[in-house]
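I opened this entry to look up how the chain packs. Below is the structure, followed by my notes on the sheet, the cores, one loop residue and one helix pair.

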Amino acid sequence: MRKLTVAFCDTDEVYRSRFVAYLMEHKAKEVTVCSFSEPELLLAYAKKEDYDVIILGEDCAPLERELYQGKTPVLKLAEQLPEYVAEQSLEYAAEASDDPVGLYSTRAETFKYQPVETIWHEVQVLAAGNRGNPVAGMSWKLEIIGVCSPVRHEMQVPFSLLLAGILAEKRKILYLNLMKFSGLQQNFEFSGDCDMGDVVLRLRKGTLTRETFLRSVYETEHFSYILPFFNPEQLGEFTERDFSALLDFVRNETEFETAVIDFGMGVQSLALLLDSCSSCYCPVKKGYFYEGQTEEFFRYLKKAEKTRLRERLQLLELPFSAKGIRGGGNVLEQLLWSEFGDYVRNFLSGDGYGGE
């Protein structure tokens, strides 16, 4: 994933140094920060350097007009809490009165004194929007890779995360998890304010835009994700129609190349959802009870008239268990470079995903 180049200008030396230090410590693989203490110096560099986003302190307000006339998105850090922040909405457009034909750069405003992670998310949204909107009506190819386990394998979530992380080395990945109580927030420190429930609700109302969708998409160092349904009852109401609408939106309004979806085993119309996948991996286990569960799963697919789906299912007997996984540090990163990570990496190489 290409590193972002961000210009940051704020005359508050203490805030500026702490902000930059945080990004360098926690986001070094994702961003290069060019820090400026003088607005005039930023303006001079902005005219000759290409930045993905410019972050501007409120005390640099005299530069706003000149910077907004460029092509680089500008994020203004407001000293006072903007009214629209409480409504979870940002304005991602130049003011119509000043820019009736949209010649100026994308602009946004957020509260300065909030967690840097929250500000960083707004930076990512602006940068993504600046890379070019897909042409209206054009459907981008989106590969769907599924993971499900009829035996509720304890390595299902680690396996689906490793799939996303390893495939992200060569393509832009969106990771979705449709499992009840997946443990992503507790075990893998996934975080964010919006979840699948928020996205699906906006889809149903017809109010989901590219910008509001991107504000619901968060990042690891390797891939993008939407947090699972916080409320399992909302997951129970998630339908095949919702699923299709979501994939159509991702396909038409974003540049993701692949969606890795951990289906769990509790969604409605599972056979229909799995049928949308180009491939689906099913961790299974040997043993009398496990084999009985797997056979019942195949009978379900047959009854749903999805027998050809079985040709795309790959049953995996993973030689690993969750008992060896320990918390502390970046668990996903530990898995990626563990023996299990090497196993999945080698498996994908043999499956055609490891080549150039």
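Before placing anything in a loop I need the element limits: helices (H or I, at least four residues) and strands (E, at least two) are DSSP runs, numbered from the N terminus. I also note that this is a predicted model.

**Entry 1, a loop residue.** I looked up L142, which is found in the loop between α4 (116–130) and β6 (143–147). Is L142 buried or exposed? I counted as buried whatever is under 20% relative accessible area. L142 has a relative accessible area of 9%, so L142 is buried. I then listed what L142 touches, leaving out residues up to four places away in sequence: L247, V250, R251, F256, E257, T258 and A259. For one of these, A259, I checked the backbone as well: the C-alpha atoms of L142 and A259 are separated by 7.1 Å, although the two residues are 117 apart along the chain.

**Entry 2, the cores.** I looked up the largest nonpolar core and found 41 residues in it. L178, M196, F213, I261, F263 and F297 have the most contacts inside this core. Which helix gives the largest share of the core? Helix α10 (residues 240–253) does, with 5 residues. I followed F213 further: beyond residues up to four places away in sequence, F213 touches L174, V199, L208, I226, L246, F249, V250, T254 and F256. A second, separate core has 34 residues, among them A164, Y175, L316 and V344.

**Entry 3, the sheet.** I traced an open sheet of 7 strands and wrote down the order β8-β9-β7-β10-β6-β11-β12, with mixed pairing. The edge strands are β8 (218–219) and β12 (313–316), each of which pairs on one side only. I then looked at one pair inside the order: strands β7 (residues 173–177) and β9 (residues 224–225) run parallel and are joined by 2 bridges. Y175 stands opposite Y225 in β9. Y175 had already come up as a member of the second core.

**Entry 4, a helix pair.** I looked up how helix α5 (residues 156–167) meets helix α14 (residues 339–350). Their axes come within 10 Å and cross at roughly 60°. That angle makes α5 oblique to α14. I recorded the crossing of α5 and α14 as right-handed. On the α5 side the contact is made by P158, F159, L162, L163, I166 and L167. On the α14 side F340, G341, V344, R345 and L348 take part. V344 is also listed in the second core.

Definitions and conventions:
Residues are numbered from 1 along each chain as its sequence is written. This is a predicted model: local features need pLDDT of at least 70, side-chain atom pairs count only at pLDDT 80 or more; totals for chains, interfaces and linings use all residues. Side-chain values use heavy atoms; hydrogens and water are left out. A nonpolar core is a set of buried Ala, Val, Leu, Ile, Met, Phe, Trp, Tyr and Cys residues joined through side-chain atoms within 4.5 Å. Buried means under 20% relative accessible area, exposed over 50%, partly exposed in between (1.4 Å probe, protein chains only). Contact means heavy atoms within 4.5 Å. Two strands pair if DSSP finds at least two bridges between them. Axes are lines fitted to C-alpha atoms, for helices over the stretch in contact, and angles run from 0 to 180 degrees between N-to-C directions. Angles under 35 degrees count as roughly parallel, over 145 as roughly antiparallel, 65 to 115 as roughly perpendicular and the rest as oblique. A crossing is left-handed if the near helix is turned anticlockwise from the far one by less than a right angle, and right-handed if clockwise.
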